Amino acid sequence: MSKNVDSTKKAEITMRMSEFEMPPMQDALIVGKRAPIGPEAARRMVDILSPDQYEIIKVDHPAIEAIVVRKALFNMLPQEKLVGLLLEEGGKVANESTIVKTQVNIVLQVSKSIDL
Amino acid sequence: MIRKAFEIMIKDYITVDAFWGMKRIRDIAEKTDTDYFPVTDNGKTVGVLTRNDLIKSHPNRIALDAMSGSYGCIEADQPVWKAKEFFEAGDTDILFVTQDNKAIGVITKKIIEAEICKHVDILTGLYRSDYVIYKAHKLLEQGSEISITFFDINNFGYIDKEFGHAVGDNILKEIAQILKSFAPAGTFLCRYGGDEFALVTDKCAEACEAMVQDILSRIRQYEFCEGISISVSAGIAGGRRRNPRKGNMYKTIISLINLASLASTKAKKEKDNLVLGYSGMIDEIAI
């Protein structure tokens with residue numbers, strides 16, 4: 001005895017669009033020692049999109065191999081202070097195999113008084 | 001003759017591009033049994049990827065982010081001993097052999113270890129003559145004084161015939177051990193031939209006399225196997241080069257060895273078994 005079965009195939013499409021972030025890695029990348037992308041690959045990738053804007057800083061840390069930082073940040077904060085902060089905070093969330101994207105907002109507060 | 005770097009190098013070595021991924025390089029390593037890969041970026045060597053890098057790196061990484069090895073360069077006509085010194089200095093995984101500033105091959109630690117094994121005397125564990133010739137050459141290049149002392153076991157042929165070759169071999173081992181123990185630091189020792197040993201120092205011949213006398217007396221006092229009484233004769237030849245850059249230094253060294261060897265033969269007839277064969281400027285002594 002034969003039986004006819006009707007079947008249909010449908011595809012449901014959902015799109016989510018947003019503007020491409022330029023460069024795609026924000027202010028700093030904290031690269032783990034066994035991360036799938038190494039610091040040089042990350043820097044070269046971003047160098048093609050945003051030439052000469054990022055710098056690799058190799059660090060002596062049990063889990064982190066290097067930090068790729070947007071050079072412009074060093075205009076506002078000395079390198080060793082910024083790297084120290086990134087390692088202190090990033091070290092708590094990053095591990096050997098991760099790459100952590102970091103946004104750094106620096107607000108300088110200046111207060112001066114002048115003689116009138 | 002001392003072997004040169006180009007004689008032991010690998011000519012067909014594999015380089016990998018800085019942007020190649022670990023997976024691709026691992027496949028090559030498995031197929032070729034290669035331990036070290038020079039990494040090139042736009043044709044320029046930028047580092048060395050080691051087998052250990054391949055094991056511990058994430059498969060997605062590029063060679064540039066995984067390489068941890070270091071490299072050095074050696075000219076093609078440099079002695080293999082020089083290559084050994086590079087590796088001993090500790091910071092080199094691979095040596096590029098260059099000619100006219102172009103890499104023509106590579107030498108790895110494994111290759112140099114295999115080569116140096118050929119220059120070690122199995123019985124005594126001492127190096128063969130190539131080693132002291134290289135060290136003497138190096139001292140002359142540096143403008144240093146050198147002296148070569150030749151040690152020759154007295155009546156060794158008789159010992160071999162009377163007590164057998166196995167006993168003779170034991171005595172050679174014991175003599176080598178005494179020489180090793182009492183040769184001062186910074187001197188270079190080898191088993192030159194059958195029952196002959198050579199010691200190169202950076203001192204003038206006269207300055208070596210006391211040291212050699214001390215070694216000879218320690219050998220006389222030593223209790224050898226089977227209670228056999230052993231004595232050794234020694235001849236010293238040495239001096240300084242007037243013109244460090246001129247002439248064939250290897251010829252000079254061979255001449256010095258010859259003079260020391262002849263002196264050790266003469267010393268067999270001397271009461272203290274020691275003869276100073278030559279001391280002075282050595283520019284003119286090449287045969």
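**Figure 1. K84(B) sits in helix α4 of chain B, which runs over residues 80-88.** This view, like those that follow, comes from a predicted model. Is K84(B) buried or exposed? K84(B) has 14% relative accessibility, and buried means under 20%, so K84(B) counts as buried. Which residues does K84(B) touch, leaving out those up to four places away in sequence? They are I112(B), I116(B) and Y127(B).

**Figure 2. A salt bridge joins E85(B) and K138(B).** The closest N and O atoms of this pair are 3.1 Å apart. The bridge links distant parts of the chain. E85(B) lies in helix α4 of chain B, and K138(B) lies in helix α6 of chain B. The two residues are 53 residues apart. How accessible are the two partners? E85(B) is buried, because its relative accessibility is 19%. K138(B) is partly exposed, with a relative accessible area of 24%. Side chains of opposite charge can pair when their charged atoms come close.

**Figure 3. The largest nonpolar core holds 36 residues.** Which residues have the most contacts inside this core? They are I107(B), I112(B) and I148(B). Which helix gives the most to the core? Helix α6 of chain B does, with 7 residues. This helix spans residues 129-141. I112(B) also appears in Figure 1, where it touches K84(B). A second, separate core has 31 residues. Among its members are I159(B), L189(B), V212(B) and I215(B).

**Figure 4. I148(B) touches residues from several places along chain B.** Residues up to four places away in sequence are not counted here. Start with L199(B) and V200(B), both touched by I148(B). Then find G235(B), I236(B) and A237(B), also touched by I148(B). I253(B), L256(B), I257(B) and A260(B) complete the list of residues that I148(B) touches. I148(B) is one of the residues with the most contacts inside the largest nonpolar core.

**Figure 5. D202(B) and K203(B) form a salt bridge.** How far apart are the closest N and O atoms? They are 3.4 Å apart. Both partners are partly exposed: K203(B) has a relative accessible area of 45%, and D202(B) has one of 34%. Over all chains, the count comes to 22 salt bridges.

**Figure 6. A66(A) lies in strand β3 of chain A, residues 64-70.** Is A66(A) buried or exposed? A66(A) is buried, because its relative accessible area is 0%. Now look at what surrounds A66(A), leaving aside neighbours within four places in sequence. A66(A) is in contact with L29(A), I30(A) and V31(A). A66(A) is also in contact with P39(A). I56(A), I57(A), K58(A) and V59(A) are in contact with A66(A) as well. How far is A66(A) from I106(A) in space? Their C-alpha atoms are 21 Å apart, and the two residues are 40 residues apart in sequence.

**Figure 7. E40(A) and R43(A) pair within one helix.** Both residues lie in helix α1 of chain A. They are 3 residues apart, about one turn of the helix. Their side chains meet in a salt bridge of 2.8 Å, N to O. E40(A) is buried, because its relative accessible area is 16%. Which residues are linked with this pair in a network of salt bridges? R44(A), D47(A) and D41(B) are linked with E40(A) and R43(A).

**Figure 8. Chain A meets chain B.** In this contact, 13 residues of chain A touch 9 residues of chain B. The two chains bury about 840 Å² between them. Carbon and sulfur atoms account for 45% of that area. Which three residues supply the most of the area that chain A buries against chain B? R34(A), P36(A) and R44(A) do, with 58%.

**Figure 9. The side chains of R61(B) and E65(A) meet in a salt bridge across the chains.** The N to O distance is 2.8 Å. How many salt bridges does the rule find across this interface? It finds 2. The rule also finds 10 residue pairs in polar contact across the interface. On the side of chain A that touches chain B, β1 (28-32) and α1 (39-49) each give two or more residues. The largest share, 4 residues, comes from α1(A). This side of chain A divides into 6 nonpolar, 2 polar and 5 charged residues.

Key:
Residues are numbered from 1 along each chain as its sequence is written. Chains are lettered from A and ligands numbered from 1 in the order in which they are written. This is a predicted model: local features need pLDDT of at least 70, side-chain atom pairs count only at pLDDT 80 or more; totals for chains, interfaces and linings use all residues. Side-chain values use heavy atoms; hydrogens and water are left out. Contact means heavy atoms within 4.5 Å. Buried area is the accessible area (1.4 Å probe) that two parts lose on being put together, summed over both. A salt bridge is a side-chain nitrogen of Lys or Arg within 4 Å of a carboxyl oxygen of Asp or Glu. A polar contact is a pair of N or O atoms within 3.5 Å; within protein, one must be able to donate a hydrogen and the other to accept it, and residues adjacent in sequence count only if both atoms are side-chain atoms. Ala, Val, Leu, Ile, Met, Phe, Trp, Tyr, Cys and Pro count as nonpolar, Asp, Glu, Lys and Arg as charged, and the others, Gly among them, as polar. A nonpolar core is a set of buried Ala, Val, Leu, Ile, Met, Phe, Trp, Tyr and Cys residues joined through side-chain atoms within 4.5 Å. Buried means under 20% relative accessible area, exposed over 50%, partly exposed in between (1.4 Å probe, protein chains only).
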